[in-house]
Structures are given as structure tokens and as C-alpha cells.
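Please look at the fold shown here and find where its side chains pack. The report starts with the inside and then moves to the surface.

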Amino acid sequence: MREVLAQAAFQLFLERGFERTTVDDIVARAGVGRRSFFRYFPSKEDAVFPDHERCLAEMTEFLAAADDSDPVGAVSDAARIVLRMYAANPEFSVQRYRLTREVPGLRTYELSVVRRYEQTLAGHLRSRFGEDGDGALRAEVIAASVVAAHNNGLRLWLRSGGEGDPEAAVDHALALVREAWGRPASTASTAPAVPEASAAPVVPVVSAVPFAVSGGGGGGGGGDGEVVVMVARKGTPMWRVVQQIEAAVGEN
């Protein structure tokens, strides 16, 4: 019945427009009463996204069974559940995407659905990284990154009219997330390690040191026999090194 109502609703949305279609129109097309509609859908907006509740439940179940070895990989794989739901019915998915772009209210509703997916992913990550401090922050940032990457690839496919393999673009985007955030779970709840050498400011140290030149010769044209000794931390940008040398030479 849920599927029958969803199909009837969507057909009417395409024929008449979302705003001009009422719940009474939908139940008349489906051949059921209003009570049946509201048993399955709280509103006609919900009828546009009939599969998200099931998909969200499947995602939650998947994450509950995931081990702790690769949390970022687990939430990335969970996002692919949503992708497979869209890819299972390309024609409907493309039509829904176009309808959502045309109706601001549906766009707002869709954002609320996306937020529920994001919260589910973040909740799983917090259980691995910690509920407070940087662990919770890391969970929120990674969850948002996974959702953004998934949606970027999915929308490329939808805008193409459902042509080609939707997984290719999504896999590419999610690979970037895993590359950026996929550290072992044992270190996930802490801030990124900072090399000990960088504890002090990375500031080049320049000094002009007199250099005794026998025979009155110059050090290659310096005139006064001075050379500049440059001491800088490894990795200091070359422009900074040159800047400091020029300053020291000018002062001396």
C-alpha cells in the first residue's frame, strides 16, 4: 500500500504539479481513504521520499554491525546504501531530483532528510572517537564530509539524466574523504600529531658573522670580509629565507 500511494502521488505531482495536488487527489487515484494515506505518510512531502525511512533503517543496522577497525571506511560504505537506493530506480530518481529542484518546499524537506543521514553517521563516529571535545568534533566533520562527497557524486549522475555508472563518481569522492580522514581508530579521538620540531615557531634565524680573510682578499666581492650565515628549520619556504638574508645584508 505504501508503494501504491507513493506511485499515485508522484504521478499526480508530475501531471498537475506538487502544489496543485492534494491528499484527496492522491487517495482518489490510489483508490483508498485518507486514513490509509496518513497511516503511511505524515504529509504529501513524505510521499516524494518514500524509501528514505527504509534506507535510514538499513544504514543504522549496517553501522551497528560494523567493527571498530576502520570507522571512516564504515561510514563511507554506509553512504553507499543511499546511492544504491537511488540507482535501483534511475527514472524515478531523476524525476524526483528535477521535481525537488522546482519546489522549494521539497528542497527544504530533502535537506532535513540529508541531515538525518548525517546525524546517523556522526553518531556512529562519536561512539568510536568519543562524545566530547575533539572526538565529537572529528565525528561531525567526517560525517559532513562523507555526506558532501556522496551527494556531489550522486548529483552529477542525476544531472546527467541517470546515464552511466553512479558509483564511479561517488567512489572517487569518498576516496578523497578516506585519504584525508582515514587514520587508525586508536588515534582517531586525538588531534593530529604535531612534530616536536614544530613546537617552537618556524622562524629563520639570520646572523652576520665576521669572517677573517687572510691576505686582505674579499669573500668573493663582499668588500668588508663578512659573510651571512643562515640558520633555518627544514621546510622553511625559500621566499622567507631570501627575505631574511636580504634584510640581514641590508642591515650590515
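Which residues of the largest nonpolar core touch the most other members? They are Met-59, Leu-63, Val-82, Tyr-117, Leu-121, Leu-125 and Val-146, out of 37 residues in this core. Helices α5 (52–65), α6 (71–87), α7 (90–102), α8 (104–129), α9 (133–159) and α10 (166–181) each supply at least two residues of this core. Helix α6 gives the most, with 10 residues. A nonpolar core is a set of buried Ala, Val, Leu, Ile, Met, Phe, Trp, Tyr and Cys residues joined through side-chain atoms within 4.5 Å. Helices (H or I, at least four residues) are DSSP runs, numbered from the N terminus.

This is a predicted model: local features need pLDDT of at least 70, side-chain atom pairs count only at pLDDT 80 or more, and totals for chains, interfaces and linings use all residues. Residues are numbered from 1 along each chain as its sequence is written, and side-chain values use heavy atoms, with hydrogens and water left out.

Take Met-59. Leaving aside its neighbours within four places in sequence, Met-59 is in contact (heavy atoms within 4.5 Å) with Ala-78, Ala-79, Ile-81, Val-82, Tyr-117, Thr-120 and Leu-121. Apart from the largest core lies another core, of 20 residues, among them Phe-10, Phe-49, Phe-92 and Val-103. In soluble globular proteins, nonpolar side chains tend to be buried together.

Now compare three residues. Buried means under 20% relative accessible area, exposed over 50%, and partly exposed in between (1.4 Å probe, protein chains only).

| Residue | Helix | Relative accessible area | Class |
|---|---|---|---|
| Arg-96 | α7 | 2% | buried |
| Arg-80 | α6 | 17% | buried |
| Val-4 | α1 (residues 2–16) | 39% | partly exposed |

What does Arg-96 touch, its neighbours within four places in sequence left aside? Arg-96 is in contact with Phe-10, Val-48, Phe-49, Pro-50, Asp-51, His-52, Met-85 and Tyr-86. The C-alpha atoms of Arg-96 and Phe-13 are separated by 9.7 Å, yet these residues are 83 residues apart along the chain.

Arg-80 has its own partners. A polar contact of 2.7 Å joins its side chain to that of Asp-77. A polar contact is a pair of N or O atoms within 3.5 Å; within protein, one must be able to donate a hydrogen and the other to accept it, and residues adjacent in sequence count only if both atoms are side-chain atoms. Beyond its neighbours within four places in sequence, Arg-80 is in contact with Asp-171 and Leu-174.
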